[in-house]
Amino acid sequence: DEVGTELRIKENLLNASSASISARIELATGGSIGFLRMQYSTDEVTWNNMNATVATPYVVDLGLTGSQLTTEEAIPSGAKTTGTYLRLVTSNGTGASDSNARFGNVTLNIIYDL
């Protein structure tokens, strides 16, 4: 589920090499049952995960409270455009609800090749 359409942003990722997500989880879902992750699109219709699978380290665990920083992961080639849209989504891997999670600041950290 998308966190909120008002949080979508448009970025120039043409020369971006990698990214990580930092987030503050205020209220966890209780157990490792959901994740916060980033998706990208070039047209705001078709959305793709910034990471290959939800199982990679490039997701924030909604089952844990506190501040989290994911490892850096390579930007997918399809996201490397001058007009890439980004959005936050929650995903659920076990069938339990992740809608109870509450989080504070969420930041996408982008590393650019110079």
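For the classes used below, Ala, Val, Leu, Ile, Met, Phe, Trp, Tyr, Cys and Pro count as nonpolar, Asp, Glu, Lys and Arg as charged, and the others, Gly among them, as polar.

**View 1. The lining of the largest pocket, sorted by residue class.** In this predicted model, the largest pocket holds about 150 Å³ of space, and its lining is made up of seven nonpolar, one polar and one charged residues. The residues that form this lining are L7, I9, M38, L86, R87, L88, V106, T107 and L108. Two strands, β8 (84-92) and β9 (102-112), each contribute at least two residues to the lining of the largest pocket. Among the lining residues is R87, and because Arg is placed in the charged class, R87 is the one charged residue in the lining.

**View 2. The whole chain, as a frame for the close-ups.** The protein chain contains zero helices and nine strands, so that the order of elements from the N terminus on reads β-β-β-β-β-β-β-β-β. Of the 114 residues in the protein chain, 44% are buried. Among the contacts in the protein chain with a separation of 6 or more, 81% are between residues 24 or more positions apart. The accessible surface of the protein chain amounts to about 6000 Å², and carbon and sulfur atoms account for 49% of this surface.

**View 3. R87 and its side-chain partners.** R87, a residue of strand β8, has a relative accessible area of 15% and is therefore buried, the limit for this class being under 20%. Its side chain makes polar contacts with two other side chains, that of E2 at 3.1 Å and that of Q39 at 2.7 Å. When neighbours within four places in sequence are left aside, the residues in contact with R87 are E2, R8, R37, M38, Q39 and W47. One of these, M38, also appears with R87 in the lining of the largest pocket.

**View 4. R8, ahead of the first strand, and its link to E44.** R8 belongs to the segment before β1 (9-11) and, with a relative accessibility of 24%, counts as partly exposed. The C-alpha atoms of R8 and L86 are 5.6 Å apart in space, although 78 residues separate the two in sequence. Beyond the neighbours within four places in sequence, R8 is in contact with E2, E44, W47, L86 and R87. For E44, the contact includes a polar one, in which the side chains of R8 and E44 are joined at 3.1 Å.

**View 5. The backbone at E44.** Most residues other than glycine have a negative phi. E44, by contrast, is not a glycine and yet has a positive phi of about 60°. E44 is placed in the loop between β3 (34-41) and β4 (48-49), where its relative accessibility of 33% makes it partly exposed. The side chain of E44 is the partner of the R8 side chain in the polar contact of 3.1 Å shown in the preceding view.

**View 6. S18 in strand β2, with partners far along the chain.** S18 lies in β2 (residues 16-27) and, at 11% relative accessibility, counts as buried. In sequence S18 and I111 are 93 residues apart, while their C-alpha atoms are 5.3 Å apart in space. Apart from residues up to four places away in sequence, S18 touches E72, E73, A74, I75, N109, I110 and I111. With one of these, E72, the side chain of S18 forms a polar contact of 3.3 Å.

**View 7. I75 in the loop that leads to β8.** I75 is located in the loop between β7 (73-74) and β8, and its relative accessibility of 6% places it among the buried residues. The C-alpha atom of I75 is separated by 6.8 Å from that of A16, and the two residues are 59 residues apart along the chain. Leaving out neighbours within four places in sequence, I75 is in contact with A16, S17, S18, A19, M50 and K80.

**View 8. T90, a further residue of β8.** T90 lies in strand β8, and at 13% relative accessibility T90 counts as buried. Between the C-alpha atoms of T90 and G34, which are 56 residues apart along the chain, the separation is 6.8 Å.

Conventions:
Residues numbered from 1 in each chain as written. Predicted model: local features only at pLDDT ≥ 70, side-chain atom pairs only at ≥ 80, totals over all residues. Heavy atoms only, no water. 1 Å grid on protein atoms, 1.4 Å probe; cavity = no way out; pocket = protein on both sides within 12 Å on 5 of 7 lines; lining within 4 Å. Points joined across faces, edges and corners; volume = space filled by probe spheres on them. Helix = DSSP H or I, 4+ residues; strand = E, 2+ residues; numbered from the N terminus. Buried < 20%, exposed > 50% of the residue type's maximum accessible area, 1.4 Å probe, protein only. Polar contact = N/O pair within 3.5 Å; in protein donor to acceptor, adjacent residues only side chain to side chain. Contact = heavy atoms within 4.5 Å. Areas by Shrake-Rupley, 256 points an atom, 1.4 Å probe, with all protein chains shown as cover.
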